[in-house]
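Colleague: I would like to learn how to read a helical model. Can you take me through one, feature by feature?

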Amino acid sequence: MRQNKETMLRTAWRRSIGALVLGPMVLALAACGGASGGEATPKPPAATAASESNPAFVKAQELFTANKCISCHGVDLAGRAGAKTNLQKVGSQMTKEQIASQIKNGGGGMPAYSTKLSEDEIGQLSDWLSSKK
């Protein structure tokens, strides 16, 4: 009988400790999900003072977000899929024409956007990205 009581007490104690440890973790994870059912609305990449005053750059940032470019390149353009996806200084590494070609034709793991974006939209994105130096 004594062993049964000890076993029951140990089990109750373990459950209490488990609840104390897991409870805050569950609450923290729930807070990360937001109110939209766990899918957060992505924010456009951080704008610089120059891009905030240029309506074409604002439109390019919206295109960047709407076309889910942030899934690989990140909200801050730092890249989420390796160094090749970092666009923070892409304007010092590629010309505007090279950037436009990359957007149109894809390559190196990037899909082509020639059927998803208009020439004007590709131009807006390449203008904006070529300003990142």
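Modeller: We start with the overall make-up and then go through single features.

Modeller: This is a predicted model, in which local features need pLDDT of at least 70, side-chain atom pairs count only at pLDDT 80 or more, and totals for chains, interfaces and linings use all residues. Residues are numbered from 1 along each chain as its sequence is written, and side-chain values use heavy atoms, with hydrogens and water left out.

Colleague: How many helices and strands does the protein have?

Modeller: Helices (H or I, at least four residues) and strands (E, at least two) are DSSP runs, numbered from the N terminus. Here there are six helices and zero strands. The order from the N terminus is α-α-α-α-α-α.

Colleague: What share of the residues counts as buried?

Modeller: Buried means under 20% relative accessible area, exposed over 50%, and partly exposed in between (1.4 Å probe, protein chains only). Of the 133 residues, 24% count as buried.

Colleague: And what share of the contacts joins residues at least 24 apart?

Modeller: Contact means heavy atoms within 4.5 Å. Take the contacts between residues at least 6 apart in sequence: 46% of them join residues at least 24 apart.

Colleague: Now a single helix. What span should α3 have?

Modeller: The expected span is 1.5 Å times one less than the number of residues. Helix α3 covers residues 55-66, which is 12 residues, so it should span 16 Å. Its end C-alpha atoms are 16 Å apart, which agrees. Helix α6 also has 12 residues, and its end C-alpha atoms, 16 Å apart, agree with the expected 16 Å.

Colleague: Which residues of α3 are buried?

Modeller: General idea: an α-helix has 3.6 residues a turn, so residues three or four places apart point the same way. In α3 the buried residues are Phe 57, Ala 60, Gln 61, Leu 63, Phe 64 and Thr 65. Val 58 is in α3 too, but at 29% relative accessibility Val 58 counts as partly exposed.

Colleague: What happens at the start of α3?

Modeller: Look for a polar contact (a pair of N or O atoms within 3.5 Å; within protein, one must be able to donate a hydrogen and the other to accept it, and residues adjacent in sequence count only if both atoms are side-chain atoms). A side-chain oxygen of Asn 54 comes to within 2.9 Å of the backbone nitrogen of Ala 56.

Colleague: And which residue with a positive phi follows α3?

Modeller: Most residues other than glycine have a negative phi. Lys 68 is not a glycine, yet its phi is positive, about 60 degrees. Lys 68 sits in the loop between α3 and α4 (70-73). At 59% relative accessibility, Lys 68 counts as exposed. Its backbone oxygen lies 2.7 Å from a polar atom of the side chain of Ser 71. Ser 71 belongs to helix α4 and is partly exposed, at 44%.

Colleague: Is Leu 77 buried or exposed?

Modeller: Leu 77 counts as buried, at 4% relative accessibility. Leu 77 also has a positive phi, about 70 degrees, although it is not a glycine. Its place is the loop between α4 and α5 (96-105).

Colleague: At what angle do α3 and α6 pack?

Modeller: Two packed helices are described by the angle between their axes and the distance between the axes. Axes are lines fitted to C-alpha atoms, for helices over the stretch in contact, and angles run from 0 to 180 degrees between N-to-C directions. For α3 and α6 the angle is about 105 degrees, with the axes 8 Å apart. That makes α3 roughly perpendicular to α6 (under 35 degrees is roughly parallel, over 145 roughly antiparallel, 65 to 115 roughly perpendicular, the rest oblique). The contact includes Phe 57 and Phe 64 of α3, and Leu 125 and Trp 128 of α6. Leu 125 and Trp 128 are among the buried residues of α6.

Colleague: Last item. How many salt bridges are there?

Modeller: A salt bridge is a side-chain nitrogen of Lys or Arg within 4 Å of a carboxyl oxygen of Asp or Glu. A search of the whole structure finds two. Asp 127 and Lys 96 form one, at 2.7 Å, N to O. That pair links Asp 127 in α6 (residues 119-130) with Lys 96 in α5, 31 residues apart. Glu 119 and Lys 104 also form a salt bridge, with the closest N and O atoms 3.3 Å apart. Here Glu 119 is in α6 and Lys 104 in α5, 15 residues apart. Glu 119 counts as exposed, at 56%, and Lys 104 as partly exposed, at 26%.
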